[in-house]
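Trainee: I would like to learn how to read a model like this one. Where should we begin?

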Amino acid sequence: MFNSKIISTGSYLPKKIYDNNYMASIVDTSDEWITERTGIKERHIASEDEVTTDLALQASISAINNYGIDKNSIDAIVFATTTPDRTFPSCATILQKKLEINNNNNQEQNKEVEKIWSEYAGLKDGSVTTPSEFEFEGT
């Protein structure tokens, strides 16, 4: 039986901020209307060149530093989002690459992903490139 636990958390907020007054300048609303209905006073907006894994990278570095662990001791990355950088490979794999995590557990997981993907795609020769071999923009 496998056990897992959350040992640290981290966070990151993009630098650009839109407050309710800004929102009222572009749509027919007001600070009061937004605040009364949502409680929101401001929102952080990713810049044009920031993607989901860039935000996750900063939050991950924060979590790693908060607990003081070796990043290569991370056995798995669970990454849930409705706004992925791309469809394949997963954001977890892209984040692993950006964090430069190179441990045997992750390499074995990548081999399993390759095997499953090859079987799914009907490839007998295993010619699918493993996620760890993908080149990612900005890395």
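**Reading a helix and its surroundings**

Mentor: Begin with cover: the buried residues of helix α3 are covered in part by α4 (91-99). Keep in mind that this is a predicted model.

Trainee: Which residues of α3 are buried?

Mentor: The buried residues of α3 are Thr52, Thr53, Asp54, Ala56, Leu57, Ala59, Ser60, Ala63 and Ile64. The general idea is that an α-helix has 3.6 residues a turn, so residues three or four places apart point the same way.

Trainee: Is alanine 63 buried or exposed, and why?

Mentor: A residue is called buried when its relative accessible area is under 20%. Alanine 63 has a relative accessibility of 15%, so alanine 63 counts as buried. Alanine 63 sits in α3, which covers residues 52-67.

Trainee: What is alanine 63 in contact with, beyond its neighbours within four places in sequence?

Mentor: With those neighbours set aside, Ser8, Thr9 and Gly10 are in contact with alanine 63. Tyrosine 12 is 51 residues from alanine 63 in sequence, and their C-alpha atoms are 10.0 Å apart in space.

Trainee: How many residues does α3 have, and what span should they give?

Mentor: The helix has 16 residues, which at 1.5 Å a residue should span 22 Å. The C-alpha atoms at the ends of α3 are 23 Å apart, and this agrees with the expected span.

Trainee: What comes just after α3?

Mentor: Glycine 68 comes just after α3 and takes a positive phi of about 70°.

Trainee: Now the whole chain. How many helices and strands does the protein chain have?

Mentor: There are 5 helices and 2 strands in the protein chain. Along the sequence they follow the pattern β-α-α-β-α-α-α. Of the chain's 139 residues, 24% count as buried. The chain exposes about 10100 Å², with 51% of that supplied by carbon and sulfur atoms.

Trainee: How are the contacts spread along the sequence?

Mentor: Take the contacts between residues at least 6 apart in sequence: 65% of them join residues at least 24 apart.

Trainee: Let us look at one strand residue. Where is glutamate 42, and what is it in contact with?

Mentor: Glutamate 42 is in strand β2, residues 42-45. Outside its neighbours within four places in sequence, glutamate 42 is in contact with Ile17, Tyr18, Asp19 and Asn20. The C-alpha atoms of glutamate 42 and aspartate 19 are separated by 4.0 Å, although these residues are 23 apart along the chain. Glutamate 42 has 43% relative accessibility, so it counts as partly exposed.

Trainee: Is asparagine 20 buried or exposed?

Mentor: Asparagine 20 has a relative accessible area of 1%, so it is buried. Asparagine 20 lies in helix α1. Not counting residues up to four places away in sequence, asparagine 20 touches Asp31, Ile34, Thr35, Ile40, Lys41, Glu42 and Arg43.

Trainee: Which residues form a nonpolar patch on the surface?

Mentor: Tyr22, Ile26 and Val27 form such a patch, with about 260 Å² of accessible area together. Valine 27 is in the loop between α1 (20-26) and α2 (31-38). Valine 27 has a relative accessible area of 45%, so it is partly exposed.

Trainee: What is the mean pLDDT of the protein chain?

Mentor: The mean pLDDT is 83, and 73% of the residues reach 70 or more. Over residues 128-134 the pLDDT is below 50, and this stretch has 17 contacts in the model beyond near neighbours in sequence.

Key: Residues numbered from 1 in each chain as written. Predicted model: local features only at pLDDT ≥ 70, side-chain atom pairs only at ≥ 80, totals over all residues. Heavy atoms only, no water. Helix = DSSP H or I, 4+ residues; strand = E, 2+ residues; numbered from the N terminus. Buried < 20%, exposed > 50% of the residue type's maximum accessible area, 1.4 Å probe, protein only. Contact = heavy atoms within 4.5 Å. Areas by Shrake-Rupley, 256 points an atom, 1.4 Å probe, with all protein chains shown as cover. Patch = residues over 30% accessible without salt bridge, like charges linked within 9 Å, V, L, I, M, F, W, Y side chains within 5 Å. Salt bridge = Lys/Arg side-chain N within 4 Å of Asp/Glu carboxyl O. Expected span 1.5 Å × (residues − 1). pLDDT = per-residue confidence, 0-100.
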